[in-house]
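Please open the structure in a viewer and keep the sequence panel visible. The tour below proceeds step by step, naming at each stop what to select and what is to be found there.

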Protein chains: 2
Amino acid sequence: MNQDISIGIDIGGTKIAAGLVTMEGAVLYKQVVPTATDGKEHIIFQLQQLIQSLLGEAKKIGFRTVKGIGIGTAGQIDFKNGIVRSGTSNIKDWNDIPLKKEIQQAFALPVWIDNDVNVVALAESYLGAAKGYDNVVFLTLGTGIGGAVIQEGKLLHGEWGGAAELGHMSVDRNGPACNCGYKGCLEAYASGTGVANQMKQTLHKNPELYDGPIETITARDVFQWANEGKAFAKSLLDEAIDALAYGTVNIIHAFNPSLLVFGGGIIDQHSWIIPDIQNRVRNLGITSLVQSVSFAKAAFGDEAGVIGAGYQSFLYRENVQKEGASYEG
Amino acid sequence: MNQDISIGIDIGGTKIAAGLVTMEGAVLYKQVVPTATDGKEHIIFQLQQLIQSLLGEAKKIGFRTVKGIGIGTAGQIDFKNGIVRSGTSNIKDWNDIPLKKEIQQAFALPVWIDNDVNVVALAESYLGAAKGYDNVVFLTLGTGIGGAVIQEGKLLHGEWGGAAELGHMSVDRNGPACNCGYKGCLEAYASGTGVANQMKQTLHKNPELYDGPIETITARDVFQWANEGKAFAKSLLDEAIDALAYGTVNIIHAFNPSLLVFGGGIIDQHSWIIPDIQNRVRNLGITSLVQSVSFAKAAFGDEAGVIGAGYQSFLYRENVQKEGASYEG
């Protein structure tokens, strides 16, 4: 078979998904395993097993060559050197791992590692909601808030790959504390965790509002209460969306995108948030900038991680030889 | 003479400076005129006169060819098409001007137009404080606050050139109103205008603090009072610098630069602000990002505008033929 194929791997807090990805974004074969919880060596072993298995499967289907292995994972990723610098609290021990080197040595294939939101942005950019746009910003609203930026058709990585941490943009230096140590981050207001935390604080201060157990409240509860017309939940979500609107204006001022793409679990469930932000943004900020932006919902769901991760092998092939060569030395 | 030369023009609110710029950043000849206050046609006429005069001077010195004309001006500039979209309140009527086309038709030379802070960033990047750095963010603190971003060695322009409006990043959605219509912008806290406005408000609320005329207070007064130990002035500047620290962390999270360069009139006068911001930033935000940034003071003074504007002709020469050709049609 002449068609190019790549291995795409999406490393998440609960599961690792790995698939054979075509340049058109089809996932021909996929395996999913629960993420090991007993240390990085075990996760790396899982990755090796998955890759071995997928290489066998590719051969069975009839692909003579796999172009490369692309990985997406949460955390601050040193894209240039393929190192997981500081991971996420959701994956135990996921820090300071020269992942590219480890995998490249084991399989003698080009390997690319990037942040999970960056690879989703690749999928959306080449195959999804942002196809045809050169300057795009992505925000994913889920447990946390992630960001990715495409500038002149390329992912914006910054000095080592840590750019576009847009969930940790503060829109209120006197605002709520964020898990990252900073204050007033978008993530502290409008992520699943942020919405739940804000509600817990509200109810601790105003116990008359709710007589159930407070500590187990989730963002899902808050959205449901708002839907039922409960004023304290509606006003909390209004606050969260207002923070998102300010964050969005900051993002527009910083990057002058022509398109903003919103995705993630919260947007999948509540896509009305997108026009709500859009309406607020129109009345804030610098007119020439805020009025030249379109808003869209992510086209891909859960599979974007595997597709985008795998897509790296097609995008970055040109640089691979040089990169590979440096590992021989 | 074989050396390349370019015409660099810096259009400001009070004066237009134009010079013959070498690739090494020397300004061989310079003319300065007060900016016309009676409409855009008059400014364009001034530009034509200056260019005519500089072309004559270049010939006298012995340059057979001028490589191009580079212009830097305040406002939102459509870099791709060379249009001044929305200018600054400091230059009357400076909106919707197809400046590139006007100048190119008059002189049959390649013309580049960019935001004034962007061209200063070019000068600093190729010849000044940021030489050798590929990922840099520039902040100029003066009457307003301007920003520019270098990513992978290139100016970040966004979709049409409006990116890096970093003075209009909000760090408090409940903060002071900004001239741009937005709230809590860095410019509203820490620009010359912002510092003066904040002080006027403070004194209107607390008339016992000061018995002189309030409306003529400038940022210079505030810095002097702080220097004299006046608590209300010190606390106002502390607030302004804190806002700058939050803005800087947002910028680091967004762009992952390896260097931040601060310049402009306020920094020229009070360069202690740089280490003060640096100390605050260290204790905020995501460790791997905030700890991988250096801080520096701009190397160039007033002449950076002319040098950087002119430098565009050397940088962008490759694209010029294509651009020029499209104007023939």
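How much accessible surface does chain A have, and what percentage of that surface belongs to carbon and sulfur atoms? The accessible surface of chain A comes to about 13400 Å², and carbon and sulfur atoms account for 47% of this area. Please bear in mind throughout that this is a predicted model.

**First stop: chain A as a whole**

Select chain A and display it as a cartoon. The secondary structure consists of 12 helices and 13 strands. The radius of gyration of this chain is 21 Å, close to the 20 Å that the globule rule gives for 329 residues, so chain A is as compact as a globular protein of that length. Reduce the display to the C-alpha trace and turn it: along the principal axes, the trace of chain A spans about 65 × 45 × 35 Å.

Next, consider the interior. Of the 329 residues in chain A, 57% are buried. Consider also which parts of the sequence meet: among contacts between residues at least 6 apart in sequence, 62% join residues at least 24 apart.

Now colour the charged residues. Chain A has 26 positive and 34 negative charges, and the mean positions of these two groups are 3 Å apart.

**Second stop: the interface with chain B**

Show chain B beside chain A. Here 47 residues of chain B are in contact with 47 residues of chain A. The area buried between the two chains is about 3900 Å², with carbon and sulfur atoms giving 47% of it. Select Arg173(B), Tyr182(B) and Tyr246(B): in chain B, these residues lose the most area to chain A, together 20% of what that side buries.

**Third stop: helix α11 of chain A**

Select residues 304-315 of chain A, which form helix α11. Two residues of this helix deserve attention.

Begin with Gly308(A), which lies in helix α11. Is Gly308(A) buried or exposed? Gly308(A) has a relative accessible area of 0%, and because buried means under 20%, Gly308(A) counts as buried. Leaving out residues up to four places away in sequence, Gly308(A) touches Val119(A), Leu122(A) and Ala123(A). Add Ala121(A) to the selection: its C-alpha atom is 7.2 Å from that of Gly308(A), although the two residues are 187 residues apart along the chain.

Continue to Gln312(A), also found in helix α11. Gln312(A) is buried, with a relative accessible area of 0%. Which residues does Gln312(A) contact, neighbours within four places in sequence aside? They are Gly70(A), Ile71(A), Phe79(A), Trp112(A), Ile113(A), Asp114(A), Val119(A) and Leu122(A).

**Fourth stop: helix α11 of chain B**

Select Gln312(B), which is placed in helix α11 of chain B, residues 304-315. Its relative accessibility is 0%, and Gln312(B) counts as buried. Apart from residues up to four places away in sequence, Gln312(B) touches several residues, including Trp112(B), Asp114(B) and Leu122(B).

**Final stop: two aspartates of chain A**

Return to chain A and select Asp93(A), in the loop between β6 (83-86) and β7 (95-97). Asp93(A) is not a glycine, yet it has a positive phi of about 70°. At 34% relative accessibility, Asp93(A) counts as partly exposed.

Then move along to Asp96(A), whose place is in strand β7. Asp96(A) likewise is not a glycine and has a positive phi, of about 50°. Asp96(A) is exposed, with a relative accessible area of 58%.

Terms used
Residues numbered from 1 in each chain as written. Chains lettered and ligands numbered in written order. Predicted model: local features only at pLDDT ≥ 70, side-chain atom pairs only at ≥ 80, totals over all residues. Heavy atoms only, no water. Helix = DSSP H or I, 4+ residues; strand = E, 2+ residues; numbered from the N terminus. Rg over C-alpha atoms; globule rule 2.2 N^0.38 Å. Buried < 20%, exposed > 50% of the residue type's maximum accessible area, 1.4 Å probe, protein only. Contact = heavy atoms within 4.5 Å. Areas by Shrake-Rupley, 256 points an atom, 1.4 Å probe, with all protein chains shown as cover. Lys, Arg positive; Asp, Glu negative; His and termini not counted. Charge placed at Lys NZ, Arg CZ, Asp CG, Glu CD. Buried area = accessible area lost by both parts, 1.4 Å probe.
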